[in-house]
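Ready for some practice in reading a protein structure? Work through each exercise with the model open beside you, and try each task before you look at its solution.

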Amino acid sequence: MLEHGKPVTRAWVLHPDIRNDQNRRDADARLKEAVSLAGALPDLKVVGSDVVRLAKVSPGHLFGSGKIEELGQQLKSDEIELVLVDGPVTPVQQRNLEKAWKVKLLDRTGLILEIFGDRARTAEGVLQVEMAALSYQRTRLVRAWTHLERQRGGLGFVGGPGETQIEADRRAIDEQLGRLRKQLQKVVKTRSLHRASRAKVPFPIVALVGYTNAGKSTLFNRVTGSDVFAKDMLFATLDPTMRRIELPVGDEVILSDTVGFISDLPTELVAAFSATLEEVLDADLIVHVRDISHENTQAQADDVESILLNLGIEEDAPRLEVWNKIDLLPEEARASALARADQRDDLFAVSAIDGTGLTDLLQAIAETVKAPQMDEVFEIGFADGKRRAWLFEAGVVQSEAQTETGFELSVHWTAKQKAQFQKLV
């Protein structure tokens, strides 16, 4: 459908609130998040949304026959082209609902994959998303994948082609997955070389993690003076960005802004983005940024911690917690957040917008990543210019004296810096 001369897909969002699901979240909050997810795609127009309360799930149709008929009439009257179901939908359920409603349907995983496909910018990000999407699509084979060229940003689930032979689809997907794996191997090799070169740089890595739209990119921009895309939108940024910054005490660190997490993050994406998320595994310090103004901030924090554990991050790994967006809190709640932050050494209440609390946060980062230092004196030869230059760049040289065979250096450094220096050739 065209609106203002542009093709727009009219969508309806449904959140199934299943009563016998022990892990169910607040239905209205989940529906609101699902609508925000849909709003992250520029060619979708969310016409309406509903919470559908279910006593149990129908294996073949998800919803009961009466609810399917009722929703069908609503979708027809509003000329809906796409239904987004905020939850898992089996291939059989998807096929039956699409047939009953004469619309296309995406579940939560499909929608998140579509958003990632629309947002990925780096070569690695694009390849990872396409592989995740193909792995997901292979389990469904609802639409044709015999021609896999991308027609636009995104993955084509919304505007995909019609059905075709399942075996031809599966063969095409497997062939495409093979090609993508080979391409990704080359990109990952390049990233590993970059990581190895960074390992020679004597600066700690600080990784910002958090639920999507918690304000990580805004905080990153405020601290680094960078211009990473930041907007009040789910998954505004996907590809990791790294910048070197100088802390208030003069020390330098590398700050990394990573992809935002979300509840029920598709397993296909966790696997596909493992190389990207290795930036978190390599970090000397993890800074967990929370949107403290969000009604489900604790549930979001629990989701982030769960994903970090799945990635292999130890519970006792060095980390700080940041309560962001305190500028959006009512005055009493803001005062309470600031008071609680004052009582804990690892908690900071901040506003990335107006800068409140950032000085204390940066001071804490500096103190956390600063390792014990020691003094040493040694000599290097005249031909060892590369290692000598590294020492001065690292700022560890206290004094230097020329000898007959080279330079005698007095250094003040950490055990990590010493190990890095010894690995230099």
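Two strands count as paired if DSSP finds at least two bridges between them. Keep in mind that this is a predicted model.

**Exercise 1. A small sheet**

Task: Find the order of the strands in the sheet that contains β13, β15 and β14, and work out which strands stand at its edges.

Solution:
- Step 1. Begin with the general idea: strands of a sheet pair through backbone hydrogen bonds, in either a parallel or an antiparallel way.
- Step 2. Here 3 strands make an open sheet, ordered β13-β15-β14, with antiparallel pairing.
- Step 3. β13 (373-381) and β14 (397-402) each have a single partner strand, so they stand at the edges and one side of each has no neighbour in the sheet.
- Step 4. From one strand to the next, the twist averages 15°.
- Step 5. Now look at one pair: 9 bridges link β13 with β15 (residues 406-414) in the antiparallel sense. Within this pair, Gln373 stands opposite Thr414 in β15.
- Step 6. Helix α14 (residues 415-423) packs on the sheet and touches β13 and β15. The direction of α14 makes about 140° with that of β15.

**Exercise 2. Thr414: buried or exposed?**

Task: Classify Thr414 by its accessibility, then list its contacts beyond four places in sequence.

Solution:
- Step 1. Locate the residue: Thr414 belongs to strand β15.
- Step 2. Buried means under 20% relative accessible area. Thr414 has 9% relative accessibility, so it counts as buried.
- Step 3. With neighbours within four places in sequence left aside, Thr414 contacts Ala371, Pro372, Gln373 and Met374.

**Exercise 3. Two pairs of helices**

Task: Describe how α13 and α14 cross, and then do the same for α1 and α4.

Solution:
- Step 1. Two packed helices are described by the angle between their axes and the distance between the axes.
- Step 2. The axes of α13 (residues 385-394) and α14 come within 10 Å, crossing at roughly 155°.
- Step 3. Angles over 145 degrees count as roughly antiparallel, and α13 and α14 are therefore roughly antiparallel to each other.
- Step 4. The crossing of α13 past α14 is right-handed. On the α13 side the contact uses Arg387, Trp390, Leu391 and Ala394, and on the α14 side Gln417, Gln420, Phe421 and Gln422.
- Step 5. Turn to the other pair: the axes of α1 and α4 come within 10 Å and cross at roughly 35°. α1 passes α4 in a left-handed crossing.
- Step 6. Where they meet, α1 supplies Arg30, Glu33, Ala34, Leu37 and Ala38, while α4 supplies Arg108, Leu111, Ile112 and Ile115.

**Exercise 4. The nonpolar cores**

Task: Which residues touch the most other members of the largest nonpolar core?

Solution:
- Step 1. This core has 31 residues, and those that touch the most other members are Leu44, Leu84, Val209, Phe261, Leu308 and Ile313.
- Step 2. The elements giving two or more residues to this core are β3 (9-18), α1 (27-39), β5 (82-85), α4 (108-119) and α10 (297-310).
- Step 3. Zoom in on Ile313: apart from neighbours within four places in sequence, Ile313 is in contact with Val280, Leu281, Ile286, Leu308 and Arg319.
- Step 4. There is also a second, separate core of 24 residues, and among them are Leu208, Ala214, Ala366 and Val369.

**Exercise 5. A covered strand**

Task: How many residues of β11 are buried, and which way do they point?

Solution:
- Step 1. β11 is mostly covered, with 6 of its 6 residues buried.
- Step 2. Arg319, Glu321 and Trp323 point one way from β11, while Leu320, Val322 and Asn324 point the other way.
- Step 3. β11 runs parallel to strand β10 (residues 285-291), and 6 bridges join the two. Across this pairing, His288 stands opposite Glu321 in β11.

**Exercise 6. Positive phi angles**

Task: Find where Glu79 and Lys325 lie, and classify each by its accessibility.

Solution:
- Step 1. Most residues other than glycine have a negative phi.
- Step 2. Glu79 is not a glycine, yet its phi is positive, at about 55°. Glu79 sits in the loop between α2 (65-77) and β5, and with 49% relative accessibility it counts as partly exposed.
- Step 3. Lys325, also not a glycine, has a positive phi of about 65°. Lys325 lies in the loop between β11 (319-324) and α11 (331-342), and at 15% relative accessibility it counts as buried.

Terms used. Residues are numbered from 1 along each chain as its sequence is written. This is a predicted model: local features need pLDDT of at least 70, side-chain atom pairs count only at pLDDT 80 or more; totals for chains, interfaces and linings use all residues. Side-chain values use heavy atoms; hydrogens and water are left out. Helices (H or I, at least four residues) and strands (E, at least two) are DSSP runs, numbered from the N terminus. Axes are lines fitted to C-alpha atoms, for helices over the stretch in contact, and angles run from 0 to 180 degrees between N-to-C directions. Contact means heavy atoms within 4.5 Å. A nonpolar core is a set of buried Ala, Val, Leu, Ile, Met, Phe, Trp, Tyr and Cys residues joined through side-chain atoms within 4.5 Å. Buried means under 20% relative accessible area, exposed over 50%, partly exposed in between (1.4 Å probe, protein chains only). Angles under 35 degrees count as roughly parallel, over 145 as roughly antiparallel, 65 to 115 as roughly perpendicular and the rest as oblique. A crossing is left-handed if the near helix is turned anticlockwise from the far one by less than a right angle, and right-handed if clockwise.
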